[in-house]
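Got your viewer open? Grab the selection tool and come along for a short walk, one stop at a time.

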Amino acid sequence: MKELILTNIGTIVTGKLEDPITDLDTIAIRDGVIKEIGSAELLEKYKGADVVDVNGVTVAPGFIDSHSHPCVGDYTFRQKTDALIESEVHGGVTTVISAGEPHFPGRPKDAAGVKAQAIFLSKCFRNQSALGAKVHGGAVILEQGLKESDFEEMAREGVWLVGEVGLGTVKSPEDAAPLVAMAKKHGFKVHMHTGGTSIPGSSPVSADDVIKTDPTVASHCNGGPTAVSLAEVERIIRESEIAIEIVQCGNYRMTNGILKIIQELGLEHRVIFGNDAPSGTGVIPLGIIRNICYASSVCKVAPHKAIAMATGNTAAVFGLNTGVIEPGREADLVCLDAPIGSVGDTALAAIEAGDIPGITCIIINGKVAVKKSRNTPPGNREPKYCPSI
């Protein structure tokens, strides 16, 4: 039985919009799951546990990238670079969700081929990932000829994601909606490309297309990279319950407009954050934390709400047992501090000011995955580890 204690926490950001911050300062983890949240007395209760004294910094759930296009081996064929996932972990991301693997060389475009690719990649990422990150890969791209039996087989083999509808030969709502319904029947979560074309072969997608198809997520509503009009996104917000995804590789003006509408309507729970990388925009290891800082500093989203959009909201949309700091959840955590020289004296104040916080420790499944981020600026305080860590 492996136990880990995080103590001397300055602020715990829970990842929940309705209960965003707790004044407790110690988290007890057993066998990769959060067991209790309390105060320093837990050190006595869990004698023999490994201990991380986080030295007064903020602890939040590990970030979730709702929109990635990974390839096996952590090599990005689109940009000819490697270690994106490892670098994302150094940006606080502990869970990565594929929105399809369209950049895979020679990607098959027939029903048998896309089914085989989805099963293959899903199992590859479950078997191995950089720094233990939870990579949910193998999102099947819808192609003509897929049948319900194909979704049944993929589900049996552990595939549960449909990549962006519109990246394959299935484009119109008339073709896509029946397949989306089949996929949902078998437990799949469905992304749908929203906006202008992103890669050769893709097509523009309107609000009507999204609403008629009824995916789980309207992908990159702020543009991936080209956005539909704000009026189109507002229709999706008002006329459906579909999750509204904002990505780093998008249109910043649209991000402002979308978040203004969302806040006016009190629908912050509908928003999730993705990276949409690797793409033509590039490889952006700090994409999720940059989304958090931009939403808070420019769009006036409270920093704890911006963090929830990157954690608990996404976990709820995709049915994941992570993204929230509470007993029973998987222990994926990130320790954050104001970077040296920031006008903010805490991570939350730095985020609100637009400064990327320093990541001082990252926990995945109750294990220390990173002791100091190589990609963020350094924090003012460093954690203290017991000798065994």
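Here is a tour of some inner space, two unusual peptide bonds and two unusual backbone angles. Keep in mind that this is a predicted model.

**Stop 1: the empty space inside**

Rolling a probe the size of a water molecule over the atoms shows where empty space is left. How many cavities of 30 Å³ or more are there? The count comes to three. We'll visit the largest cavity, which holds about 60 Å³ of space.

To see its walls, select Asn222, Ile246, Val247, Gln248, Tyr252, Thr255, Phe273, Asn291, Tyr294 and Ala295. Now colour strand E16 (243-247), helix H8 (252-265) and helix H9 (287-297): each of these gives the lining at least two residues. Which element supplies the largest share? That would be H9, with three residues.

Next, try colouring the lining by residue class. You should find six nonpolar residues and four polar ones, but no charged residues.

**Stop 2: two cis prolines**

Select glycine 224 and proline 225 and zoom in on the bond that joins them. This peptide bond is cis, and its omega is near 0°. For your bearings, proline 225 sits in the loop that runs between strand E15 (217-219) and helix H7 (230-239).

Now jump ahead to alanine 277 and proline 278. The peptide bond between them is cis too, with omega near -5°. Where is proline 278? Look in the loop between strand E17 (271-274) and H9. You've already met H9 as the element that gave three residues to the lining of the largest cavity.

**Stop 3: two positive phi angles**

Go back along the chain and select aspartate 74. Its phi is positive, about 55°, even though this residue is not a glycine. You'll find aspartate 74 in the loop between strand E8 (63-68) and strand E9 (75-76). Is aspartate 74 buried or exposed? With a relative accessible area of 14%, aspartate 74 counts as buried, because buried means under 20%.

Last selection: alanine 83. Here is another residue other than glycine with a positive phi, this time near 65°. Alanine 83 lies in the loop between strand E10 (81-82) and helix H2 (84-89). Its relative accessibility is 18%, which is under the 20% cut-off, so alanine 83 is buried as well.

To finish, show aspartate 74 and alanine 83 together with the two cis bonds, the one leading into proline 225 and the one leading into proline 278.

Note on methods. Residues are numbered from 1 along each chain as its sequence is written. This is a predicted model: local features need pLDDT of at least 70, side-chain atom pairs count only at pLDDT 80 or more; totals for chains, interfaces and linings use all residues. Side-chain values use heavy atoms; hydrogens and water are left out. On a 1 Å grid over the protein atoms alone, a cavity is a set of points where a 1.4 Å probe fits but cannot get out, and a pocket is an open set with protein on both sides within 12 Å along at least five of seven lines; lining residues have an atom within 4 Å of a point. Grid points are joined across faces, edges and corners, and a volume is the space filled by probe spheres set on the points. Helices (H or I, at least four residues) and strands (E, at least two) are DSSP runs, numbered from the N terminus. Ala, Val, Leu, Ile, Met, Phe, Trp, Tyr, Cys and Pro count as nonpolar, Asp, Glu, Lys and Arg as charged, and the others, Gly among them, as polar. Buried means under 20% relative accessible area, exposed over 50%, partly exposed in between (1.4 Å probe, protein chains only).
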